[in-house]
Amino acid sequence: MDKKQGYGAGTILASVLFVMWFVASLAGMIYCSKTGRGLLVPALLGQYFFVFGVVGIVSTVKSETFQPFILIFPILGILLIAIPTWLYFGGEEAGAMLDVVLPYAVVVTILIGSVLVLVLSQIVTSRKKKQCTLTVNATCVALDTHHHKGTRTVCPTYEFYYAGENRRVCDYKYTSQTISEGEICTLLIDPEKPDVFYDEKREALSRIGNMIVGVGGILCGALALYMMLFGNR
């Protein structure tokens, strides 16, 4: 009971602090916009992108559902905080320096984001492989399809029987996997957390996509950085 009560108290305290921060930031944006400090409004807004982005990354890594696009939010948050704050407190000199620094900051951000895509994707995959050790036969009972610029991606929902009940699972990842409703597939699930599963075909496609994004970003970022540093010599 003590542990449950402590956990409940901690959750309540965290929730109260979160609400206070959220409301205070919103009040700060209103105050800055009405007192001639409008340049700080994007910086305060950037807090939301950063915090929600970090929370999203942590939660999706824990639940083994990490997707690279989530990195956009904390990166955008950092830029929104840093650039307006720099300009507000630095004046004209900061603006002139920003013209020089910003291209390098963008390229370095791309490089860091690309590395994070590779690292976090590998962490999620490794955790799933260790956790999911039980093989089950699952049926694709639903198929959500996206079409974009001639490319078709799908996200299946599987159903399987385990521990005396039928379970439906979905990893909310869209891949180019070829599958249809009613098709029977083999999944690896976590015996302790049956909602966590590992589909070898889908994970392979997801890894390829993440590698393309990550390695492509690193190569493009490295080339751009090289050109900026040595291109005029």
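**Close-up views of a predicted model**

**View 1. A hairpin made by S1 and S2.** Strands S1 and S2 form a hairpin, with just two residues sitting between them. In the turn you'll find Lys-149, which has a positive phi of about 50°. Keep in mind that everything shown here comes from a predicted model. The two strands of the hairpin pair in the antiparallel sense, over nine bridges. S2 covers residues 151-162, while S1 takes in residues 134-148.

**View 2. The whole sheet, strand by strand.** Zoom out a little and the hairpin turns out to be part of an open sheet of five strands, in the order S3-S2-S1-S4-S5, with antiparallel pairing. At the edges are S3 (165-169) and S5 (197-198), each of which pairs on one side only. As a bit of background, strands of a sheet pair through backbone hydrogen bonds, and they can do so either parallel or antiparallel.

**View 3. Where S1 meets S4.** On to the pairing of S1 with S4 (residues 184-189): these two run antiparallel and are joined by six bridges. Leu-134 has Ile-189 as its bridge partner in S4. Further along, Thr-139 is partnered by Ile-184 of S4. Thr-139 also has a bridge partner in S2, namely Glu-159.

**View 4. Helix H4 lying across the sheet.** Now bring in a helix. H4 (200-230) lies across three strands, S2, S4 and S5. Relative to S2, H4 runs at about 145°.

**View 5. The largest pocket.** H4 shows up again here, in the lining of the largest pocket. About 440 Å³ of space lies in this pocket, and 20 residues line it. Nearest its centre are Pro-68, Tyr-174, Ser-206, Gly-209 and Asn-210. Which helix gives the largest share of the lining? That would be H4, with nine residues. Helix H3 (72-131) joins in too: H3 and H4 each supply at least two lining residues. Sorted by class, the lining has nine nonpolar residues, eight polar ones and three charged ones.

**View 6. Ser-25 and its contacts.** Last stop: Ser-25, found in helix H1, which spans residues 2-34. Is Ser-25 buried or exposed? Its relative accessible area is 5%, so Ser-25 counts as buried, the cut-off for that being under 20%. Leaving aside residues up to four places away in sequence, Ser-25 touches Leu-44, Gln-47 and Tyr-48.

Definitions and conventions: Residues are numbered from 1 along each chain as its sequence is written. This is a predicted model: local features need pLDDT of at least 70, side-chain atom pairs count only at pLDDT 80 or more; totals for chains, interfaces and linings use all residues. Side-chain values use heavy atoms; hydrogens and water are left out. Helices (H or I, at least four residues) and strands (E, at least two) are DSSP runs, numbered from the N terminus. Buried means under 20% relative accessible area, exposed over 50%, partly exposed in between (1.4 Å probe, protein chains only). Contact means heavy atoms within 4.5 Å. On a 1 Å grid over the protein atoms alone, a cavity is a set of points where a 1.4 Å probe fits but cannot get out, and a pocket is an open set with protein on both sides within 12 Å along at least five of seven lines; lining residues have an atom within 4 Å of a point. Grid points are joined across faces, edges and corners, and a volume is the space filled by probe spheres set on the points. Ala, Val, Leu, Ile, Met, Phe, Trp, Tyr, Cys and Pro count as nonpolar, Asp, Glu, Lys and Arg as charged, and the others, Gly among them, as polar. Two strands pair if DSSP finds at least two bridges between them. Axes are lines fitted to C-alpha atoms, for helices over the stretch in contact, and angles run from 0 to 180 degrees between N-to-C directions.
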